[in-house]
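Biologist: I am new to this one and would like to learn how to read it. Could you walk me through it, please?

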Amino acid sequence: MKVGLASDHAGFALKEHVKEYLTKKGLEYCDYGTYSEASCDYPDYGHALAKAVEHGECYPGIAICGSGEGISMTLNKHQGIRAGLCWMPEIAHLCRQHNDANVLVMPGRFISHDEADAIMDEFFSTGFEGGRHQARIDKIPYREVQ
């Protein structure tokens, strides 16, 4: 399976580094944009990545914007997405272990390439624990109670 990638202009440089990381790890990827540091809107690329993950075109996803917040909010509007904003390896571990995150989000303006590598190492090496956490995940999609 290919890893899906998305960023805005503020995350572009880190996304280019992520491509190098994935290539070194022997992982294929599909880049859903943006393709330069020209100012752009993160929802355009976040929605494209979310749809691709939901439709099984890629798994998992990695998304980056300046703070990580905007693209994370966009991704999580999709019912099939569990995007976790991670700025340290321990958070990436818990996002996978407890929340079965299917998109890793990183803050492009606030972490170094070495920190991003450590975060991705943890995200890719951690599995979902299941059990009590599955019941919680099952409650995430909003369903109005009658």
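Biologist: What radius of gyration does the protein chain have, and what would a compact globule with 146 residues have?

Modeller: Happy to help! This is a predicted model, in which local features need pLDDT of at least 70 and side-chain atom pairs count only at pLDDT 80 or more, while totals for chains, interfaces and linings use all residues. Residues are numbered from 1 along each chain as its sequence is written, and side-chain values use heavy atoms, leaving out hydrogens and water. The radius of gyration is taken over C-alpha atoms, and the globule rule is 2.2 Å times the number of residues to the power 0.38. Here the protein chain has 14 Å, which agrees with the value near 15 Å for a compact globule with 146 residues. Its C-alpha trace spans about 45 × 30 × 25 Å along the principal axes.

Biologist: How many helices and strands are there in the protein chain?

Modeller: Helices (H or I, at least four residues) and strands (E, at least two) are DSSP runs, numbered from the N terminus. The protein chain has six helices and five strands, and along the sequence they follow the pattern β-α-β-α-β-α-β-α-β-α-α.

Biologist: At what angle do helix 1 and helix 5 pack?

Modeller: Axes are lines fitted to C-alpha atoms, for helices over the stretch in contact, and angles run from 0 to 180 degrees between N-to-C directions. Angles under 35 degrees count as roughly parallel, over 145 as roughly antiparallel, 65 to 115 as roughly perpendicular and the rest as oblique. Helix 1 (residues 12-24) packs on helix 5 (residues 113-125) at about 55°, with axes 11 Å apart. Helix 1 is therefore oblique to helix 5.

Biologist: Which residues of helix 1 and helix 5 meet?

Modeller: Contact means heavy atoms within 4.5 Å. Ala13, Leu14, His17, Val18, Tyr21 and Leu22 of helix 1 meet His113, Ala116, Asp117, Met120, Asp121 and Phe124 of helix 5. These residues divide into eight nonpolar, two polar and two charged. For those classes, Ala, Val, Leu, Ile, Met, Phe, Trp, Tyr, Cys and Pro count as nonpolar, Asp, Glu, Lys and Arg as charged, and the others, Gly among them, as polar.

Biologist: How far apart are the axes of helix 4 and helix 5?

Modeller: The axes of helix 4 (residues 89-99) and helix 5 are 8 Å apart, and the angle is about 20°. That makes helix 4 roughly parallel to helix 5. In this pair, Pro89, Ala92, His93 and Arg96 of helix 4 meet Ala118, Ile119, Glu122 and Phe123 of helix 5.
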